[in-house]
Amino acid sequence: KGIKAYKSFKVNEEYSFPLEQGSTVDLIENGNKRLQFKSAWTRKNHVLPGRYPVKLFKCAGRDKKGNRLRQPYSPEDFDELVVVGWEAEEPLFWSIPMEKLVERGYIETK
């Protein structure tokens, strides 16, 4: 739903899907910008209205008990994070370059 809304919002761009299944890239914009989409949510009666939390991790398989394992993204995983939130069925978009995520400490470099 978010990717479709984004493509409708930015109609002057060209889009393709990555060839690799299960990669950290959800959509490629203009042949070279690798986008990762995350859905944001807000809770009713939230202490901090107007904030949209996003989970910044990727799946890393399962443990022996079948529980999902998670790991943080690395700077090479995508070029831009597109956060999609919804209010009254209208999409809201935030595009955040990887450099900003690294600069502010949301993505670690090791």
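User: Before the reasoning starts, where does Asn-30 lie?

Analyst: Asn-30 sits in the loop between β2 (27-29) and β3. Keep in mind that this is a predicted model.

User: What makes the phi of Asn-30 worth a remark?

Analyst: The phi is positive, about 55°, although Asn-30 is not a glycine.

User: Why is Asn-30 called partly exposed?

Analyst: Its relative accessible area is 39%. Buried means under 20% and exposed means over 50%, with partly exposed in between. The 39% of Asn-30 falls between those cut-offs, so partly exposed is the label.

User: Why does Ile-28 count as buried?

Analyst: Ile-28, found in strand β2, has 17% relative accessibility. Buried means under 20%, so Ile-28 makes the cut.

User: Which residues is Ile-28 in contact with, leaving aside neighbours within four places in sequence?

Analyst: They are Glu-14, Tyr-15, Ser-16, Phe-17, Pro-18 and Lys-33. As for Phe-17, its C-alpha is 5.9 Å from that of Ile-28, with the two positions 11 residues apart in sequence terms.

User: And Gln-36, why is that one called buried?

Analyst: Gln-36 has 4% relative accessibility. Set that against the cut-off of under 20% and Gln-36 is buried, therefore the label holds. Gln-36 lies in strand β3.

User: What does Gln-36 touch, not counting residues up to four places away in sequence?

Analyst: Gln-36 touches Thr-24, Val-25, Asp-26, Tyr-73, Phe-78, Glu-80, Leu-81 and Val-82.

User: Let's move to the pockets. What volume does the largest pocket have?

Analyst: About 330 Å³. The second largest pocket holds about 220 Å³. Of the 14 residues lining the second largest pocket, the closest to its centre are Gly-22, Ser-23, Thr-24, Asp-26 and Gln-36.

User: How do you know which elements supply at least two residues of the lining of the second largest pocket?

Analyst: Two elements do so, β3 (33-39) and β4 (57-62). β4 gives the most, with three residues.

User: How do the residues of that lining divide, in the second largest pocket?

Analyst: Five are nonpolar, five polar and four charged.

User: What makes up the lining of the largest pocket?

Analyst: Tyr-52, Val-54, Leu-56, Leu-81, Val-83, Trp-94, Ile-96, Lys-100, Leu-101, Arg-104 and Tyr-106 line the largest pocket. β6 (80-87), β7 (90-97) and α2 (98-103) each supply at least two residues.

User: Why is the lining of the largest pocket said to have nine nonpolar residues and two charged ones?

Analyst: Val, Leu, Ile, Trp and Tyr are among the types that count as nonpolar, while Lys and Arg count as charged. Lys-100 and Arg-104 are in the lining, so they are charged members of it. The division comes out as nine nonpolar, no polar and two charged.

User: How many helices and strands are there in the chain?

Analyst: Two helices and seven strands. From the N terminus on, the elements run α-β-β-β-β-β-β-β-α.

User: How many residues does the chain have, and what share counts as buried?

Analyst: The chain has 110 residues, and 25% of them count as buried. The chain exposes about 8200 Å², with carbon and sulfur atoms supplying 49% of that.

User: What share of the contacts with a separation of 6 or more comes from residues 24 or more positions apart?

Analyst: Such pairs account for 39%. As for overall extent, the C-alpha atoms fill a box of roughly 40 × 40 × 30 Å, taken along the principal axes.

Technical notes: Residues numbered from 1 in each chain as written. Predicted model: local features only at pLDDT ≥ 70, side-chain atom pairs only at ≥ 80, totals over all residues. Heavy atoms only, no water. 1 Å grid on protein atoms, 1.4 Å probe; cavity = no way out; pocket = protein on both sides within 12 Å on 5 of 7 lines; lining within 4 Å. Points joined across faces, edges and corners; volume = space filled by probe spheres on them. Helix = DSSP H or I, 4+ residues; strand = E, 2+ residues; numbered from the N terminus. Buried < 20%, exposed > 50% of the residue type's maximum accessible area, 1.4 Å probe, protein only. Contact = heavy atoms within 4.5 Å. Areas by Shrake-Rupley, 256 points an atom, 1.4 Å probe, with all protein chains shown as cover.
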